[in-house]
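Welcome! Here are a few short exercises to help you find your way around a new structure. Have the sequence and the 3D view ready, and try each task before you read its solution.

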Amino acid sequence: MATLTNKLTLTGTAADFGQALSFNYSKDMTVQKPWTGISRLKIDATSAEDTVLDAIDSRRFVYIKHTGLDSAGAATTEKLYIEVDDGDQAGVPSERIGYLKSGEWCFFPLDDTDGTSNLVAETSAGDVIIEYAYWTVED
């Protein structure tokens, strides 16, 4: 077991938002194996979808970042679609969580205790290199 500290800070001026914005949140989470540290993966436009995390059988926190690069290392503005594929239902399309543009990132909880769902990503045209990690936490 290990401790993972999450911190989120949002700030903005009254001129931009009508009142000053200052939001700070911090939470320690106890994580356990399995986990994957910061890794990179090519999301290939020629495949229907690429698996980021398969057979989700416990509660996980997932980090994904659109690096803004394609597989050749060139800049790309291709959207990265993030989806959950319920692997035990043949013919059922993936459920889209959202999409990331170049340089954007997300951090979210994901849970499917039956172990049949996969976290997948896809693009509609060009390849995208993503950065990702996940940590398993107790229910």
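Two strands pair if DSSP finds at least two bridges between them; the strands themselves (E, at least two residues) are DSSP runs, numbered from the N terminus. The model is predicted, so local features need pLDDT of at least 70 and side-chain atom pairs count only at pLDDT 80 or more, while totals for chains, interfaces and linings use all residues. Residues are numbered from 1 along each chain as its sequence is written, and side-chain values use heavy atoms, with hydrogens and water left out.

**Exercise 1.** Find out how many bridges join strand S4 to strand S9.

Solution. Start with S4 at residues 60–66 and S9 at residues 128–137. Seven bridges join them, and the two run antiparallel. As a check, look at Tyr63: opposite it in S9 stands Ala133.

**Exercise 2.** Work out which strands stand at the edges of the open sheet of five strands.

Solution. First write down the order, S1-S2-S9-S4-S7, with antiparallel pairing. Next look at S1 (2–12) and S7 (105–110): each has a single partner strand, so one side of each is left without a neighbour in the sheet. Finally, neighbouring strands of this sheet are turned by 40 degrees against each other on average, direction ignored (axes are lines fitted to C-alpha atoms, and angles run from 0 to 180 degrees between N-to-C directions).

**Exercise 3.** Decide whether strand S5 is largely enclosed or left open, and name its partners.

Solution. Take residues 80–86: five of the seven are buried (under 20% relative accessible area, 1.4 Å probe, protein chains only), so S5 is largely enclosed by the rest of the structure. Then turn to the partners. Five bridges lead to S6 (residues 95–100), which runs antiparallel to S5; here Leu80 has Leu100 as its bridge partner. Six bridges lead to S8 (residues 117–122), again antiparallel, and Asp85 stands opposite Asn118 there.

**Exercise 4.** Find which strand gives the largest share of the nonpolar patch.

Solution. Among the patch residues on the surface are Leu8, Leu21 and Trp105. S1, S2 (21–43) and S7 each supply at least two residues, but the largest share, three residues, comes from S2. Leu21 lies in S2 and is partly exposed, with a relative accessible area of 34% (partly exposed lies between the 20% limit for buried and the 50% above which a residue is exposed).

Conventions: Helix = DSSP H or I, 4+ residues; strand = E, 2+ residues; numbered from the N terminus. Patch = residues over 30% accessible without salt bridge, like charges linked within 9 Å, V, L, I, M, F, W, Y side chains within 5 Å. Areas by Shrake-Rupley, 256 points an atom, 1.4 Å probe, with all protein chains shown as cover. Salt bridge = Lys/Arg side-chain N within 4 Å of Asp/Glu carboxyl O.
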